[in-house]
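Please open the structure in your viewer and keep the selection tool at hand. The tour below moves from one selection to the next and says what is there.

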Amino acid sequence: PAGDFYFLLSPEAVKHVCVEAADEWPRRFSVPLFEALALDRGIVYEQGPRHRRQKKLCTPAFERGAAMASFLDAISLEGDALAARWRRLKRLDLYAETRTLTLRVVLRVTFGLEPDDTDKELSDTISQYLEAIVATANEVPPLYQLYPPLSKNYVRVTEELLPRLRRLVKELIEQRRRDATAGEDLLSQLLRDGTLSDDDILYILFDLVIAGSDTTASTVAASLYILHEPRHSKLLQRAVDEALHTDLDGLRLEEIREALPYHVAVARETLRLYPPVPFVGRTALTKCDVLGTPAPEGAVACFSPYALGRDVERWGADADEFKPERWLDAERGGAASSFSFLPFGAGPRGCLGTRLGLTEAVVGVAKILRGFSLRFDRAGPLRYKYDLTLNLGDSTTCTVRERGA
């Protein structure tokens, strides 16, 4: 693309842009498709005072004790629903199943939805919407930019899926406004504030659903596949033993790290090697510099969580190896800087759902390993590609059997 791009290759440079000089680099770089669909108006890509205000309003839904407890309940309930479904199946696509799981969890947390017909219609529409956005973004050449009517995916998004999604969400907003018993979900909290328009709420919810479903799904599916690689049989057994000897159903949020230390390590190691978002950019609003290197107004400072997590100088000669043990005795996994591990970003524009995403990955994997043994069709290393986020495609098809059966 045209413009000035600066690639940040050290944790120190990333820290400067994301934290120390965050006010000079406040805008998250986005793809043109997001701007065309107005997805740059939500909390992920918004900037300035509007972004700070939206993030402040959303934070209680991701940090308050009652809200976090309801999130853990959502993981448990949807995990049980997934298990019930798997008992009826012999073969499945793990990545597709985890996408369903994480989407239903995030719908509970953001919209407060119970599993009913409205939930199914909304979740189906969102699934189709996400798939169509990825298909549009992957078009070469980008037909939606050259002449939109030529892109069947773009036309489907703008003329069918987005209008339907807006209608469903607007109906939920109107219904919740009339509901005097609104709870701890994000929609209820945004409505209680009383200062946001329906469009503001809609764009915030869109952002968080998109950001919080596929990203966590890929982490859960990747963790399970990697553990089941033949070369990692000892790691798998250790994870299974920990899951079987932990009361997952009675687990409280503050107990997770102590009760499931190996699963936390597995999640962190998966995120280090296969972060959901491989590339992040920040745009400068004024002329500035990065550790002495001048950058003009409008420059984009780019960093790659994927590259930072595999840097041999920071992680050692075994940087490309999957070794959860590196996290058990070291908060930073053995790297000297926490800015070598940035799957959730950092600073004011860091991911709002970091705690939720990590919790869902840890508990989700533990519940699946406790309940089922998996046998994948493939035995080689994880096969993946990057679209807007990490995409495992159909590389995780497997047979499942209830553990102990």
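Which residue in E11 does serine 373 stand opposite? Select both strands to find out, keeping in mind that this is a predicted model: the residue opposite serine 373 is arginine 401 in E11. The strand to colour alongside E11 is E8, residues 372-376, and the two run antiparallel, joined by five bridges.

Keep E11, which covers residues 397-402, on display and add strand E3, residues 91-93, because E3 and E11 also pair, in the antiparallel sense and over three bridges. Within this pairing, select arginine 91, whose bridge partner in E11 is threonine 399.

Next, hide these strands and turn to an open sheet of four strands, which follow one another in the order E1-E7-E4-E2 with mixed pairing. Look at the edges, where strand E1 (5-7) and strand E2 (27-28) each have a single partner strand, so that one side of each is left without a neighbour in the sheet. From the edge strand E1, move across to strand E7, residues 300-303, with which E1 pairs in the parallel sense over three bridges. If you select phenylalanine 5, you can look for its bridge partner in E7, which is valine 300. While the side chains are shown, it may help to recall that in a regular strand they alternate between the two faces of the sheet.

Now leave the strands and select helix H9, residues 186-193, together with helix H10, residues 198-227, which pack at an angle of about 155 degrees with their axes 11 Å apart. Angles over 145 degrees count as roughly antiparallel, and H9 and H10 are therefore roughly antiparallel to each other. H9 passes H10 in a right-handed crossing. To see the contact itself, show Leu186, Leu187, Leu190 and Leu191 of H9 with Ile201, Ile204, Leu205 and Leu208 of H10. By class, this contact has eight nonpolar residues, with no polar and no charged ones.

For the last stop, display the aromatic rings, among which the structure holds nine pairs. One of these is formed by tryptophan 315 and tryptophan 327, a tilted pair with 5.8 Å from centre to centre and 55 degrees between the planes. The pair links distant parts of the chain, twelve residues apart: tryptophan 315 lies in helix H15 (residues 312-315), whereas tryptophan 327 lies in the loop between H15 and helix H16 (354-371).

Key. Residues are numbered from 1 along each chain as its sequence is written. This is a predicted model: local features need pLDDT of at least 70, side-chain atom pairs count only at pLDDT 80 or more; totals for chains, interfaces and linings use all residues. Side-chain values use heavy atoms; hydrogens and water are left out. Axes are lines fitted to C-alpha atoms, for helices over the stretch in contact, and angles run from 0 to 180 degrees between N-to-C directions. Angles under 35 degrees count as roughly parallel, over 145 as roughly antiparallel, 65 to 115 as roughly perpendicular and the rest as oblique. A crossing is left-handed if the near helix is turned anticlockwise from the far one by less than a right angle, and right-handed if clockwise. Contact means heavy atoms within 4.5 Å. Ala, Val, Leu, Ile, Met, Phe, Trp, Tyr, Cys and Pro count as nonpolar, Asp, Glu, Lys and Arg as charged, and the others, Gly among them, as polar. Two strands pair if DSSP finds at least two bridges between them. Rings of Phe, Tyr and Trp (its six-membered ring) pair if their centres lie within 6.5 Å; planes under 30 degrees apart count as stacked, over 60 as edge-to-face and the rest as tilted.
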